[in-house]
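Okay, shall we get going? I've got one structure to walk through today, so let me put it up.

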Amino acid sequence: MTEPLPPFPLPEDHDPPRAPNSLLEIAPATGEQPRLRADAARNRVRLLEVAARLAQEHGAANLTMEAVASAAKVGKGTVFRRFGDRTGLLMALLDHHERELQAAFLTGPPPLGPDAPPIERLRAFGVAAVRHERAHRDLYLAAHTDAARRHTSPATLLRLSHLCVLLRRAEVPGDAELLAQTLLGYLDITLVDHLVTRRGMALERVEAGWDDLVGRLVGEG
């Protein structure tokens, strides 16, 4: 089962763009406008609360638009209009977990936050991401079945921009964006889950592999 979500707040060159301060600065994955009318925002929060409860009770893999509509006592079309499709709904649920990780690497304490050297932050980022997604494994796996959407989601773009910034600050030679994409590939939840669940690897081995990969990129391997 996925862990309970935090309370849902009401919305108020070839390198990728700078890392925004939060998902509120990026267009949502569902394509809706960031700011909604007050009543629409309240309805969206209520639907997310219902969806989070159903995911916790029955597993995110079993979450359907029909079940959310039924539990919220609204028409199925209302849920589709608000989130686009099931993946859009799951991505919206993930936004709340992503904000926790974003706060840690954008403004949190070292070694993950901005007061640490870039190489230390690179090492800390991978470990933090692996542990974060493992803690919310059920929801991340359910949301990441659509590979195309996964690569273009606001959360992924923010992670990509953050890694590009750290690679540049660490003066790592090469194409920063392609190197960042490679690092993101290592952290892919479906890969990590395969290694841990099916290959029987300890999570500590996966984390050590990340540390080794970063060391090789920055010339310490």
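I'll go from the overall picture to the cores, then a few helices, and finish with the odd backbone spots.

First, the ground rules. This is a predicted model, so local features need pLDDT of at least 70 and side-chain atom pairs count only at pLDDT 80 or more, while totals for chains, interfaces and linings use all residues. Residues are numbered from 1 along each chain as its sequence is written, and side-chain values use heavy atoms, with hydrogens and water left out.

So how confident is the predictor? pLDDT is its confidence in each residue, from 0 to 100. The protein chain averages 84, and 83% of the residues score at least 70. The stretch to be wary of is residues 8-34, where pLDDT stays under 50. The model has 57 contacts beyond four places in sequence for that stretch; a contact, here and later, is heavy atoms within 4.5 Å.

Now the fold. The protein chain has eleven helices and zero strands. Those elements are DSSP runs numbered from the N terminus, H or I over at least four residues for helices, E over at least two for strands. Of the 221 residues, 45% are buried. Buried means under 20% relative accessible area, exposed means over 50%, and partly exposed is in between, with a 1.4 Å probe and protein chains only. The protein chain exposes about 11,100 Å², with carbon and sulfur atoms supplying 53% of it. Those areas come from the Shrake-Rupley method with a 1.4 Å probe, and for residues only the protein chains shown count as cover.

On to the inside. A nonpolar core here is a set of buried Ala, Val, Leu, Ile, Met, Phe, Trp, Tyr and Cys residues joined through side-chain atoms within 4.5 Å. The largest one has 29 residues, and Leu122, Phe125, Leu163 and Leu167 touch the most other members. Which helices feed that core? At least two residues each come from α4 (86-107), α5 (118-135), α8 (154-169), α9 (176-186), α10 (189-198) and α11 (203-217). There's also a second, separate core of 26 residues, which includes Ala55, Leu63, Ala72 and Leu141. Back to Leu167 for a second: leaving aside neighbours within four places in sequence, Leu167 contacts Leu122, Val172, Ala176, Leu179, Ala180 and Leu183.

Leu167 sits among the buried residues of α8, so let's look at that helix. Twelve of the 16 residues of α8 are buried, so this helix is largely enclosed by the rest of the structure. The buried set isn't just leucines; among them are Arg159, Ser161, His162 and Cys164. What do they pack against? The buried residues of α8 meet α4, α5, α6 (137-143), α7 (147-152) and α9. As a check on geometry, the expected span of a helix is 1.5 Å times one less than its number of residues. For α8 that gives 22 Å, and the end C-alpha atoms are 23 Å apart, which agrees.

α11 passes the check too: 21 Å expected for 15 residues, and 21 Å between the end C-alpha atoms. Its buried residues are Val206, Glu207, Trp210, Val214 and Gly215, and what covers them includes α5, α9 and α10.

A couple of residues in α4 deserve a look. Glu98 lies in that helix, and with a relative accessible area of 3%, Glu98 is buried. The side chains of Glu98 and Tyr140 are joined by a polar contact of 2.6 Å. That term means a pair of N or O atoms within 3.5 Å; within protein, one must be able to donate a hydrogen and the other to accept it, and residues adjacent in sequence count only if both atoms are side-chain atoms. Beyond four places in sequence, Glu98 contacts His132, Tyr140, Ala155 and Arg159. Thr87 is in α4 as well; Thr87 is buried at 11% relative accessible area, and contacts Ala143, Asp146 and Arg149 outside its four-place neighbourhood.

Last up, the backbone. The peptide bond from Pro110 to Pro111 is cis, with omega near 5°, and Pro111 is in the loop between α4 and α5. Then, which residues have a positive phi without being glycine? Lys73 is one, with phi near 60°, in the loop between α2 (65-72) and α3 (76-83). Glu171 is another, at about 55°, in the loop between α8 and α9. Lys73 counts as exposed at 75% relative accessibility, and Glu171 counts as exposed at 68%. Just after α11, Gly219 has a positive phi of about 85°.

How values were computed
pLDDT = per-residue confidence, 0-100.
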